[in-house]
Amino acid sequence: MMSSPVRRAVGVALVAAALQLLMIVAFSWPAVRTAPRDVPIVAAGPGAAAVAERLDRERPGAFEITTVGDEAAARDALTGFDAYGAIVTTPAGPRVLVASGASPVVAQQLAQLAQGLSGTPPAAVEDVVAAGPGDPRGAGFGALALPLIMSGLAAAVLMTFAIPRVGARAVSVLAFAVLGGLGAAWLAQGWLSVLPGSYPAVASVMGLAVLAVTGTVAGAAAVLGRAGIGLGALTFLLLGNPLSAATSAPEMLPQPWGDLGQLLPPGAAATLLRSVAFFDGAGAAGPLTVLLAWAAAGLALLALGALRSRDAGVPAAERERAMAS
């Protein structure tokens, strides 16, 4: 029979192997299953109804098509963040309007769709809301999500073990959110040219995203000990990041996972960043509410942890070490 240390070593290895498989599934499965599912687009012009019927027949379930009266209404739908693209029918043939700022992946698929709408030559494609000047394919924007989440998790761990008192830890969380938002926005706009828009607005969104992640994990650690850190990592890194749709669009993920991703900080932050950077705040209410709710929950957990620590008369770090032992 195996000795106790050997059994423990084997058990840890099994847990690590299971975690590895979970990470592979979490990060690979959404990418493998990415495809349009009820992606909102509009059709305009005299042939709008015929185009909608044709797309429903040829690509069932791929698009949620709304017909509007004219091209102006179609453009309003794109600039208002209500649709990812539009097909405008004219006597000379259809034209396709896209908004790569909303999703370069969807814009590329609609551009490919344009090739089959009118035969040769393909329908003309116009990008009404273009992606960032330094990031036309959206790769840089998609790459922002993971560093924001990982840095927020790392900061929460550092603060938990380096700052004994929970009250001081809350101050550190708030300071990090401000500094992190300002710094990340400066990199994204000034150096990388990934995001256009107002710097204060972009920095505020990034700071709120940092606060939502760091505050929640640090708060969970203050109440639950190391288990809170593990729970935060599982929620935000293994679930929230792959389902954020930062590299595509929520409608490109299988449901209900696309909708679930928008209820977690990574997905809400990606959508809110698109809103303030490309669409002058259109569609910001939903993701802003989600981030504010997570940030408030994190601060509430920190307050609860501080209250419990004060009542017990034990420094928070000592209490958490005792809970973990």
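Tutor: Let's start with a term we will need: a salt bridge is a side-chain nitrogen of Lys or Arg within 4 Å of a carboxyl oxygen of Asp or Glu. Keep in mind that this is a predicted model. In it, Glu 71, Arg 75, Arg 95 and Glu 126 are linked in a network of salt bridges.

Student: What makes Glu 71 and Arg 75 a salt bridge?

Tutor: The N to O distance between their side chains is 3.0 Å. The cut-off is within 4 Å, so the pair of Glu 71 and Arg 75 qualifies. These two residues are 4 residues apart in helix 3 (residues 71–79), which means about one helical turn separates them.

Student: How do you know that Arg 95 and Glu 71 also meet in a salt bridge?

Tutor: Try the same test: here N to O is 2.4 Å, and the definition asks for within 4 Å, so Arg 95 and Glu 71 pass. This pair links distant parts of the chain, with Arg 95 in strand 4 (residues 95–98) and Glu 71 in helix 3, 24 residues apart.

Student: What makes Arg 75 and Glu 126 a salt bridge, and which parts does the pair tie together?

Tutor: Their side chains meet at 2.7 Å, N to O, and the limit is within 4 Å, so Arg 75 and Glu 126 count too. Arg 75 lies in helix 3 and Glu 126 in strand 5 (residues 124–127), so parts 51 residues apart in sequence are tied together. The structure holds 4 salt bridges.

Student: Why is Glu 71 called partly exposed?

Tutor: Buried means under 20% relative accessible area and exposed means over 50%, with partly exposed in between. Glu 71 has 25% relative accessibility, so Glu 71 counts as partly exposed. Arg 75, also at 25%, counts as partly exposed. Arg 95 at 24% is partly exposed, and so is Glu 126 at 31%.

Student: Let's turn to the surface. Which residues form the nonpolar patch?

Tutor: Leu 19, Leu 22, Met 23, Phe 27, Leu 146, Met 150 and Leu 234 form it, with about 560 Å² of accessible area together. Helix 1 (4–32) and helix 5 (139–162) each supply at least two of the patch residues, and helix 1 gives the largest share, 4 residues.

Student: How do you know that Phe 27 is accessible enough for the patch?

Tutor: Patch residues need over 30% relative accessible area. Phe 27, found in helix 1, has 32% relative accessibility and counts as partly exposed, so Phe 27 clears that cut-off.

Student: What makes the span of helix 4 close to the expected one?

Tutor: Helix 4 (residues 104–117) has 14 residues and reaches 20 Å from its first C-alpha to its last. At 1.5 Å a residue, 20 Å is also what is expected. The buried residues of helix 4 include Val 106, Leu 110, Leu 113 and Leu 117, so each of these has under 20% relative accessible area.

Student: How many cavities of 30 Å³ or more does the structure hold, and what lines the largest?

Tutor: There are 3 cavities of 30 Å³ or more, and about 110 Å³ of space lies in the largest. Of the 13 residues lining the largest cavity, Leu 144, Ala 145, Leu 148, Pro 266 and Ala 269 are the closest to its centre. Helix 5, helix 7 (199–224) and helix 10 (265–278) each give two or more residues to that lining, and the largest share, 5 residues, comes from helix 5.

Technical notes
Residues numbered from 1 in each chain as written. Predicted model: local features only at pLDDT ≥ 70, side-chain atom pairs only at ≥ 80, totals over all residues. Heavy atoms only, no water. Patch = residues over 30% accessible without salt bridge, like charges linked within 9 Å, V, L, I, M, F, W, Y side chains within 5 Å. Areas by Shrake-Rupley, 256 points an atom, 1.4 Å probe, with all protein chains shown as cover. Buried < 20%, exposed > 50% of the residue type's maximum accessible area, 1.4 Å probe, protein only. Expected span 1.5 Å × (residues − 1). 1 Å grid on protein atoms, 1.4 Å probe; cavity = no way out; pocket = protein on both sides within 12 Å on 5 of 7 lines; lining within 4 Å. Points joined across faces, edges and corners; volume = space filled by probe spheres on them.
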